[in-house]
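Please walk through how one part of this model is packed, starting from a single residue and moving outward to the helix beside it.

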Amino acid sequence: PSLSQANDDEIAEALVTRLARKNYIPEKARRQYGQALVREFKRTLGLEINEPASKGLTIRVLGMGCTNCQTVFNRVMEVLNELNLTADLEHVTDVKKIASYGIIGSPALLINGKVVSVGQVPNKKQIGDWIKEK
């Protein structure tokens, strides 16, 4: 099932309004925040997400949510922050979705569709180097 665009806008506004009670959200960024929140909300519910192909950096961390997988995900976020980069970053924990990548071993790290690491926890310098190569 998918939610209609009208519902997406309503859900976005509700989520942003609720989040803004305890967090600062710049007025100019409210729409972007809303879209991102709806996308993650749908992803959490397992709903189809119809979004245009990313033109920028796409990063996937594959793993069931173990400590090592979470460490890789957190390091990627830290590196992106340090490099002042934005990316379509997702921690894929669904077994079927992980299997669809055809990778055995976790955590796995993919940058722009290319597998750069499997079965290890790379340090921030290595992650930064891989990101800079893309």
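In this predicted model, I111 is in contact with L57, T58, I59, V116, W130, I131 and K134, leaving aside its neighbours within four places in sequence. I111 lies in strand β3 and counts as buried, at 1% relative accessibility. R31, by contrast, is 80 residues from I111 in sequence, and the two C-alpha atoms are 27 Å apart in space.

One of the contacts of I111 is T58, a residue of strand β1. T58 has a relative accessible area of 19%; because buried means under 20%, T58 is still classed as buried. Residues up to four places away in sequence not counted, T58 touches D88, L110, I111 and N112.

Two other contacts of I111, W130 and I131, lead to helix α5, which spans residues 124-133 and has I127, G128, W130 and I131 as its buried residues. Viewed down the axis of α5, these buried residues fall within an arc of 160 degrees, so they line one face of the helix. The general background is that an α-helix has 3.6 residues a turn, so residues three or four places apart point the same way. The face of α5 turned away from the buried side carries K125, K132 and E133, which are exposed.

What lies over the buried residues of α5? The cover includes the strands β1 (58-62), β3 (108-111) and β4 (114-118), together with the helix α3 (67-83). T58 belongs to β1 and I111 to β3, so both residues discussed above sit in strands that are among those covering α5.

The start of α5 has a polar feature of its own. There, a side-chain oxygen of N123 reaches to within 3.1 Å of the backbone nitrogen of K125, and K125 is also one of the exposed residues on the outward face.

The remaining element of the cover to describe is α3. How do α3 and α5 cross? Their axes come within 9 Å and cross at roughly 60 degrees, which makes α3 oblique to α5. The crossing is right-handed. On the α3 side the contact is made by V72, R75, V76, E78, V79, L80, E82 and L83, and on the α5 side by K124, I127, G128, I131 and K132. Of these α5 residues, I127, G128 and I131 are buried, whereas K132 is exposed. I131 thus takes part in the contact with α3 and also touches I111 of β3.

Notes
Residues are numbered from 1 along each chain as its sequence is written. This is a predicted model: local features need pLDDT of at least 70, side-chain atom pairs count only at pLDDT 80 or more; totals for chains, interfaces and linings use all residues. Side-chain values use heavy atoms; hydrogens and water are left out. Buried means under 20% relative accessible area, exposed over 50%, partly exposed in between (1.4 Å probe, protein chains only). Helices (H or I, at least four residues) and strands (E, at least two) are DSSP runs, numbered from the N terminus. The arc is that of the directions from the helix axis to the C-beta atoms. Contact means heavy atoms within 4.5 Å. A polar contact is a pair of N or O atoms within 3.5 Å; within protein, one must be able to donate a hydrogen and the other to accept it, and residues adjacent in sequence count only if both atoms are side-chain atoms. Axes are lines fitted to C-alpha atoms, for helices over the stretch in contact, and angles run from 0 to 180 degrees between N-to-C directions. Angles under 35 degrees count as roughly parallel, over 145 as roughly antiparallel, 65 to 115 as roughly perpendicular and the rest as oblique. A crossing is left-handed if the near helix is turned anticlockwise from the far one by less than a right angle, and right-handed if clockwise.
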